[in-house]
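Here is a chain to go through by question and answer. Each label gets set against its cut-off.

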Amino acid sequence: MVEWSDSERSAITSLWGKINVAEIGPQALVRLLVVYPWGQRYFGSFGDLSTCAAIMGNAKVAKHGQTVMGGLENAVKNMDNIKNTYSKLSVMHSEKLHVDPDNFRNLADCISICVAAKFGPQVFTPQVQEAWQKFLAVVVSALMRQYH
């Protein structure tokens, strides 16, 4: 079980309260699919992902980005039980979707980049970044649980 300090909890929940899921989610997933194009193989039903413009304009990508961030909200609300909160998602991504688990780390990095770009160093301070990175590492670990 992960232990969270009061300052970490505060930093994560405060930052989360500022995040617009409809903005950051699509941005992060677009970034993932552009920067790590091999990840596109999991989104064959999404239509045209052949160019950056096609990915950016793809409504299914945007919707799934929001879905991902909605899942992240569950982790924010269940910080003391993230592994169990993500157990079904871990099984689904491992056994049904066969997603390479490195994609979880890559997406977490893309989310952090989008959040940092949106809020800048006045909000995304080194202390906030440290707590946020710890939080995302716990989420990634929970998603990878089924793979071990």
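Q: How much accessible surface does the chain have, and what share belongs to carbon and sulfur atoms?
A: The accessible surface comes to about 8000 Å². Carbon and sulfur atoms hold 54% of that. The model is predicted.

Q: What makes up the secondary structure of the chain?
A: Eight helices and zero strands. From the N terminus on, the order reads α-α-α-α-α-α-α-α.

Q: What makes the chain as compact as a globular protein of its length?
A: Its radius of gyration is 15 Å. The globule rule gives 15 Å for 148 residues. The two values are close, so the chain is as compact as a globular protein of that length. Along the principal axes, the C-alpha atoms fill a box of roughly 45 × 35 × 20 Å.

Q: What share of the residues is buried, and what share of the contacts with a separation of 6 or more joins residues 24 or more positions apart?
A: Buried residues make up 42% of the 148 in the chain. Of the contacts with a separation of 6 or more, 77% join residues 24 or more positions apart.

Q: How do you know that Cys110 is in no disulfide?
A: Look at the sulfur distance. The nearest cysteine sulfur is that of Cys114, 6.6 Å away. A disulfide needs two sulfurs within 2.5 Å. At 6.6 Å the pair is too far for a bond. A search of the whole structure finds zero disulfides.

Q: Why are Cys110 and Cys114 called buried?
A: The cut-off for buried is under 20% relative accessible area. Cys110 has 2%, so Cys110 counts as buried. Cys114 has 3%, so Cys114 is buried as well. Both appear among the buried residues of helix 7, a list that also includes Phe104, Leu107, Ile111, Val115 and Phe119.

Q: Where in helix 7 does the kink lie, and how many degrees does it come to?
A: The kink lies at Ala117 and comes to about 65°. The angle is taken between axes fitted to the seven residues ending there and the seven starting there. Helix 7 spans residues 102-123, and the kink falls shortly before the proline Pro121.

Q: Why is Ile24 called buried, and what is it in contact with?
A: Ile24 has a relative accessible area of 1%, which is under 20%, so Ile24 is buried. Its place is in helix 2, residues 21-35. Leaving aside neighbours within four places in sequence, Ile24 is in contact with Ile19, Met69, Cys114, Val115 and Lys118. Ser7 is 17 residues from Ile24 in sequence and 24 Å away in space, C-alpha to C-alpha.

Q: What makes Lys134 and Glu8 a salt bridge?
A: The N to O distance is 2.9 Å. The cut-off is 4 Å, so the pair qualifies. Lys134 lies in helix 8 (residues 126-144) and Glu8 in helix 1, 126 residues apart. By this rule the count comes to five salt bridges.

Q: Why is Glu8 called buried and Lys134 partly exposed?
A: Buried means under 20%, and exposed means over 50%. Glu8 is at 17%, so Glu8 counts as buried. Lys134 is at 26%, in between, so Lys134 counts as partly exposed. Glu8 sits in helix 1, residues 6-18. Beyond its neighbours within four places, Glu8 is in contact with Glu3, Ala131 and Lys134.

Q: How do you know that Lys118 and Glu23 tie together distant parts of the sequence?
A: Their side chains meet in a salt bridge at 3.3 Å, N to O. Lys118 lies in helix 7 and Glu23 in helix 2, so the pair ties together parts 95 residues apart in sequence. Lys118, at 42%, counts as partly exposed. Glu23, at 25%, counts as partly exposed too.

Q: What makes Asp102 and Arg105 a salt bridge, and where do they lie?
A: Their N to O distance is 2.8 Å. That is within 4 Å, so the pair meets the rule. Both lie in helix 7, three residues apart, about one turn of the helix. An α-helix has 3.6 residues a turn, so residues three or four places apart point the same way. Asp102 is partly exposed at 40%. Arg105 also counts as partly exposed, at 40%.

Note on methods
Residues numbered from 1 in each chain as written. Predicted model: local features only at pLDDT ≥ 70, side-chain atom pairs only at ≥ 80, totals over all residues. Heavy atoms only, no water. Buried < 20%, exposed > 50% of the residue type's maximum accessible area, 1.4 Å probe, protein only. Helix = DSSP H or I, 4+ residues; strand = E, 2+ residues; numbered from the N terminus. Contact = heavy atoms within 4.5 Å. Rg over C-alpha atoms; globule rule 2.2 N^0.38 Å. Areas by Shrake-Rupley, 256 points an atom, 1.4 Å probe, with all protein chains shown as cover.
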